[in-house]
Structures are given as C-alpha cells and as structure tokens.
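Colleague: Please take a close look at the surface of this model for me, with its charged and nonpolar side chains. I would like one connected account, with each residue placed in its element.

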Amino acid sequence: MLKRIISCALVLLVLNLAGAHAAFAKTEAEKQARQAEKVKAGVMKLGTGEAARVKVKLRDKTKLEGYVGAAGEETFTVVNAKTGVASSVAYPQVKSVQGNNLSTGAKIAIGVGVAALVVFLIVFHYVVTED
C-alpha cells in the first residue's frame, strides 16, 4: 500500500514538472522601452501647440510644465508658457506625463450641458413670471 502511494505521488510530481513553464521577468530595458512607447503615444495624442498643455516628470526628478511645441520620433519639446524657454526631452527620460487639455467629446458635452441649462433657466423664468 505504501509503495502504491509513493508511486502515485511520483507520477503526479512528474506530470506537474512536465506541465510547468518557465516564467521570465521583463528586463529593466524592456520596461523602460514600453514606458517610452506609452509616453510617445500620449504626447502624439495631445498634439502640439499652446492648447496641448502638459506636466512632465523626468526620471531625474526634474519637473517641466508648459505646452508641447514639437513632437518627433525620439524627442518632444516642452515650451514653458511663462518664459518661452523650450526644453527638448527624450521619451525614455520621462517618468510620467499629464495632459491638461480636454478632448473634443468633453468640449461637446460641456457645450450641450450649458445649452440645456440656458433653456431650463428661460423656461423657468417664463413659468415664474406667468403666475
């Protein structure tokens, strides 16, 4: 009986080892490359010009604030709105980027909300003054 239990346990262990896969952790370079691609996509989505406001935190703890003056394949330029100083930043140097502009859908939703409020106020004023 003990021999049968040990043989079953060995069979289960061998089957477990046969189904196991090696898990490889991503290297630091791969993580930074993926982060750089995310940053690049975010900057490209924001666009360029004074409407493309950003706050950028770099890996060396430097903070930049302004708008995206230009965006290329390897770098983008952040222009300080107050001083006009342009800083060129490589995508891998960026720890995080935060855009401060609204999408077209958000602008339309705000416009519709304001229009609905105006119509409501006009109707309310008309009903109150009728009495």
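**The surface and its side chains**

Modeller: In this predicted model, Leu 117, Phe 120, Leu 121, Phe 124 and Val 128 together make a nonpolar surface patch of about 510 Å². One of these residues, Leu 121, sits in helix H3, which covers residues 104–130. Its relative accessible area is 46%, so Leu 121 is classed as partly exposed, and this value is also above the 30% that a residue must exceed to be taken into a patch.

To place helix H3 in the whole, it helps to look at the order of elements. The protein has three helices and five strands, and from the N terminus on they run α-α-β-β-β-β-β-α. Of the 131 residues in the protein, 15% are buried.

The charged side of the surface can be described next. Lys 55, Lys 57, Arg 59, Lys 61, Lys 63 and Lys 95 gather in a surface patch of positive charge. Two members of this group may be taken in turn, beginning with Lys 57, which lies in strand S1. With a relative accessibility of 42%, Lys 57 is partly exposed, and it can belong to a patch because the cut-off asks for over 30% relative accessible area and no salt bridge. Another member of the patch, Lys 95, is 38 residues away from Lys 57 along the chain, yet the C-alpha atoms of the two residues are separated by 5.5 Å.

Lys 61, which also belongs to the positive patch, is found in the loop between strand S1 (53–58) and strand S2 (63–71). Its relative accessible area is 72%, so Lys 61 counts as exposed. The backbone of Lys 61 deserves a separate remark, since this residue is not a glycine and nevertheless has a positive phi of about 70°. For comparison, most residues other than glycine have a negative phi.

From the patch of like charges one can turn to a pair of opposite charges. A search of the whole structure finds one salt bridge, and in it the side chains of Glu 73 and Lys 40 meet with an N to O distance of 2.7 Å. This pair links distant parts of the chain, 33 residues apart, with Glu 73 in the loop between S2 and strand S3 (75–79) and Lys 40 in helix H2 (residues 28–46). The two partners fall into different classes of accessibility: Glu 73 is exposed at 57%, whereas Lys 40 is buried, with a relative accessible area of 16%. Lys 40 is called buried because its 16% lies under the 20% limit for that class. The side chains of Lys 40 and Glu 73 are also listed as making a polar contact, again at 2.7 Å. Lys 40 is left out of the positive patch for two reasons, because patch residues need over 30% relative accessible area and no salt bridge, while Lys 40 has 16% and is bridged to Glu 73.

A last residue, this one from the strands, completes the account. Ser 88 belongs to strand S4, residues 86–90, and its relative accessible area of 54% makes it exposed. Between the C-alpha atoms of Ser 88 and Val 78 the distance in space is 6.4 Å, although these residues are 10 residues apart in sequence.

Key: Residues numbered from 1 in each chain as written. Predicted model: local features only at pLDDT ≥ 70, side-chain atom pairs only at ≥ 80, totals over all residues. Heavy atoms only, no water. Patch = residues over 30% accessible without salt bridge, like charges linked within 9 Å, V, L, I, M, F, W, Y side chains within 5 Å. Areas by Shrake-Rupley, 256 points an atom, 1.4 Å probe, with all protein chains shown as cover. Salt bridge = Lys/Arg side-chain N within 4 Å of Asp/Glu carboxyl O. Lys, Arg positive; Asp, Glu negative; His and termini not counted. Charge placed at Lys NZ, Arg CZ, Asp CG, Glu CD. Helix = DSSP H or I, 4+ residues; strand = E, 2+ residues; numbered from the N terminus. Buried < 20%, exposed > 50% of the residue type's maximum accessible area, 1.4 Å probe, protein only. Polar contact = N/O pair within 3.5 Å; in protein donor to acceptor, adjacent residues only side chain to side chain.
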